[in-house]
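User: I'd like to learn how to read a model like this one feature by feature. Could you walk me through it?

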Amino acid sequence: MEMIEWTHSLELGIDVIDHQHHQIVDYINSLTVAIEKQDEHLVFAVLEKLRSYTVDHFVFEEELMLKAGYCEYGSHSQLHRRFEHKVSAMLNDYVSGSDPFGIARKARNFLHIWLIEHIRHEDKEYAVAVMKIMHRQQGWIDTTLRRIFGQPKGAGDYQNNQA
Ligand SMILES: [Fe+2]
């Protein structure tokens, strides 16, 4: 299965968001590795981690859009909710599926396509509005990141969280 390569074309130019998107890409690649290893426990652990990190990322992104007064906030948030429902449904299918690796592969392909398309289109559209407020909102950004992710920069290294 193909690994996703992180390239400049996926960057919005907003460091904190680019870092989170890169982290999600790393999780999708970890999922690919887990599927190739045929390690069912690891597949489930990565899927769960991917879901919870992505939900936190969406919360942060939406708060940032609100702070910036971004006019498409409502429709963008709706896309996030639909994505969350889809991922929850896939996790349920995975738990009850007779072919867990087949379902995991489908989930992985969906995540890959959805994320890349979402970054390239909808996320790029909010970048201009958000970039205008970034320089005067560093304090708010640090506090919000700590509240949502429990640590600065929205970091969440999968390996470090496995202890
Ligand atoms: Fe988004």
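User: Let's start with the metal. Which residues coordinate the iron ion?

Analyst: Keep in mind that this is a predicted model. For a metal site, list the donor atoms and then their distances. Here the iron ion is held by E61 through OE, by H76, H80 and H118 through NE2, and by D123 through OD. The distances run from 2.1 to 2.4 Å.

User: How are the donor residues of the iron ion spaced in sequence?

Analyst: Write the donors as a pattern, with x for the residues in between. You get E-x14-H-x3-H-x37-H-x4-D. Take H76 and H118 as a pair: they sit 42 residues apart and link distant parts of the chain. H76 belongs to helix α3, residues 73–96, while H118 belongs to helix α4, residues 100–134.

User: Are H76 and H118 buried or exposed?

Analyst: The general idea is to compare relative accessibility with a cut-off: under 20% means buried. H76 comes out at 3%, so it counts as buried. H118 has 2%, so it is buried as well.

User: Which residues of α3 are buried, besides that histidine?

Analyst: The buried set is H76, S77, H80, F83, E84, V87, M90, L91 and Y94. Next, ask what sits over them: the cover includes α2 and α4.

User: How do I check the geometry of a helix such as α3?

Analyst: Compare the end-to-end C-alpha distance with the span expected from the rise per residue. The 24 residues of α3 should span 34 Å at 1.5 Å a residue, and the end C-alpha atoms are 35 Å apart, so the two agree. Do the same for α2, residues 40–67: its 28 residues reach 41 Å, close to the expected 40 Å.

User: What happens at the two ends of α2?

Analyst: Look for a cap at the start and a backbone change after the end. D39 caps the N-terminal end of α2, with a side-chain oxygen 3.2 Å from the backbone nitrogen of H41. After α2 comes G69, and its phi is positive, near 65°.

User: On to charges. How many salt bridges does the structure hold?

Analyst: Four. For each one, read the N to O distance, then see which elements the partners belong to. E62 and R81 form one of them, with the closest N and O atoms 2.9 Å apart. E62 is in helix α2 and R81 in helix α3, so this pair ties together parts that are 19 residues apart in sequence.

User: Which other residue joins E62 and R81 in a network?

Analyst: E84 does: E62, R81 and E84 are linked by salt bridges. The E84 to R81 bridge has an N to O distance of 3.1 Å. Both of those residues lie in α3, three residues apart, about one turn of the helix. Accessibility adds to the picture: E62 is buried at 8%, E84 is buried at 18%, and R81 is partly exposed at 27%.

User: And what does R147 pair with?

Analyst: With E63, at 2.8 Å between the closest N and O atoms. R147 lies in helix α5, residues 138–149, and E63 in helix α2, so this bridge ties together parts 84 residues apart in sequence. R147 is exposed at 52%, whereas E63 is partly exposed at 22%.

User: What about R108, a buried residue without a salt bridge?

Analyst: When you meet a case like that, look for the nearest opposite charge and for other polar partners. R108 lies in helix α4. The nearest side chain of opposite charge is E2, 5.8 Å away. R108 does make a side-chain polar contact with T32, at 2.7 Å. Beyond its neighbours within four places in sequence, the residues in contact with R108 include M1, M3, I28 and L31.

User: One more: which residues is W114 in contact with?

Analyst: Leave out sequence neighbours within four places and you're left with F58, L79, H80 and F83. W114 lies in helix α4, and it is buried, with a relative accessible area of 17%. Among those contacts, H80 also coordinates the iron ion.

Notes. Residues numbered from 1 in each chain as written. Predicted model: local features only at pLDDT ≥ 70, side-chain atom pairs only at ≥ 80, totals over all residues. Heavy atoms only, no water. Donors = N, O, S within 2.8 Å, 3.2 Å for Na, K, Ca; no water. Helix = DSSP H or I, 4+ residues; strand = E, 2+ residues; numbered from the N terminus. Buried < 20%, exposed > 50% of the residue type's maximum accessible area, 1.4 Å probe, protein only. Lys, Arg positive; Asp, Glu negative; His and termini not counted. Polar contact = N/O pair within 3.5 Å; in protein donor to acceptor, adjacent residues only side chain to side chain. Contact = heavy atoms within 4.5 Å. Expected span 1.5 Å × (residues − 1).
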